[in-house]
Amino acid sequence: MNKILKILGKIVSKLTLSLTYAPKGKDSHTKNKEQVVNVYVNNYGNGNIKKIEKIDILSDIDNVYVNELIKEIVIKVELADGTVASFVEIEFSVENLYGPVTKVTDKNGMVSFQNICFKETGNHRFCIKGIGGFVYKDLIVIKDNPVELKFINQPQDVASKEVLNEVIVQAVYQSGTKAENLQIQIDINKEGVRWAGTRVKSTDKEGIACFDNLAFTKTGNYKLKVMYETFFLYSDPFHVFAPGVCMDFEKCEAGSKEEVEAFLTALLEKQSDGDVIKYNGEEY
């Protein structure tokens with residue numbers, strides 16, 4: 001019996017207890033009052049507070065690129081006694097780039113921080129904080145990630161004043177990720193030529209921008225120029241011919257030997273059928 005009483009005494013010594021009570025009698029002049037005192041239980045005992053000893057970063061943070069979304073950074077947390085740190089608060093931040101965000105680990109001591117995107121390149125210090133004064137610091141290298149453009153669908157020959165075929169451009173980051181929501185601008189390689197159509201399009205989630213309403217009034221050979229910031233790319237050459245005249249020109253530079261030969265070939269073929277060939281405003 002004495003042994004049982006000693007055990008009960010130890011348990012009671014670890015509890016701070018109070019009763020919740022209300023007066024039994026009712027008084028019309030006195031409001032019912034209820035007093036609540038919390039019950040605290042410290043299963044670890046004084047001086048044995050949970051302390052974090054170790055963290056493991058389970059996500060790849062060696063290949064982080066500017067302007068590219070990191071879906072999640074997963075962290076595993078362990079206590080000083082080697083057990084997982086379940087249901088503890090962890091704060092993650094990157095100096096001058098990503099403000100402190102606090103989350104709670106799951107039952108396996110895991111916590112993840114999602115959808116992080118850095119807007120600056122360089123070496124930046126990240127910090128992980130936890131209970132017991134635990135602080136973990138290290139460097140994260142954020143790499144430059146320039147955009148590259150490519151034509152998925154090249155422009156084709158077209159009659160003047162008619163709408164050009166769909167010209168499709170894709171923007172991809174150097175890391176290989178498709179560049180969403182970028183403003184892609186389109187132009188031509190000749191100055192002083194009037195043409196119609198939407199000249200700026202935003203890329204979709206696949207990095208695609210589609211230009212589908214371009215039209216030219218002046219005949220000639222052209223190239224389209226697509227641009228994003230300082231990066232630009234030219235299309236294959238295409239020919240705008242007069243309405244009703246079909247010229248099967250080769251894709252070649254204006255004024256080159258190859259273009260002259262292609263023009264003479266087309267001239268002989270079309271005149272034999274009684275057609276009139278127009279080139280740069282002249283009839284042949």
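Which residues form one aromatic cluster? In this predicted model, the cluster is made up of Phe92, Tyr98, Phe113, Phe126 and Tyr136. Phe92 also turns up in a core of 25 residues, alongside members including Val64, Ile70 and Val94.

Aromatic pairs come to nine in total. One of them brings Trp195 and Phe216 together in a stacked arrangement, with 5.7 Å from centre to centre and 10 degrees between the planes. Trp195 belongs to strand 15 and Phe216 to strand 18, so to speak two distant parts of the chain, 21 residues apart. Both Trp195 and Phe216 are buried. Phe216 has a second stacked partner in Tyr222, and here the centres are 5.4 Å apart with the planes at 25 degrees. Phe216 counts as buried because its relative accessibility is just 1%, and Tyr222, at 3%, is buried too. On top of that, the charged end of Lys190 sits over the ring of Tyr222, 5.0 Å from the ring's centre.

Next comes the largest nonpolar core, which has 26 residues. Phe216 shows up here again: together with Ile184 and Leu224, Phe216 touches the most other members. Several strands supply at least two residues each, among them strand 11, strand 14 and strand 20. Strand 13 gives the most, with four residues. As for Ile184, its contacts beyond the neighbours within four places in sequence include Leu149, Ala171, Val200, Lys201, Phe211 and Val226.

Lys201 is worth following a bit further. Its charged end sits over the ring of Phe211, 5.7 Å from the centre. Lys201 also forms a salt bridge with Asp212, where the closest N and O atoms are 3.8 Å apart. Asp212 lies in the loop between strand 17 and strand 18 while Lys201 is in strand 16, so this pair ties together parts 11 residues apart in sequence. Asp212 is partly exposed at 40% relative accessibility, and Lys201 is partly exposed at 21%.

That bridge is one of three salt bridges. Another joins Glu206 to Lys178, with 4.0 Å between the closest N and O atoms. Glu206 is in the loop between strand 16 and strand 17, and Lys178 in the loop between strand 13 and strand 14, which puts the two 28 residues apart. Both ends are partly exposed, with Glu206 at 36% and Lys178 at 38%. There is also a bridge between the side chains of Asp56 and Lys54, at 3.9 Å from N to O. Asp56 is partly exposed at 28%, and so is Lys54 at 39%.

Conventions: Residues numbered from 1 in each chain as written. Predicted model: local features only at pLDDT ≥ 70, side-chain atom pairs only at ≥ 80, totals over all residues. Heavy atoms only, no water. Phe/Tyr/Trp six-rings, centres within 6.5 Å; stacked < 30°, edge-to-face > 60°. Buried < 20%, exposed > 50% of the residue type's maximum accessible area, 1.4 Å probe, protein only. Lys NZ or Arg CZ within 6 Å of the ring centre and 35° of its normal. Core = buried A, V, L, I, M, F, W, Y, C linked by side-chain atoms within 4.5 Å. Contact = heavy atoms within 4.5 Å.
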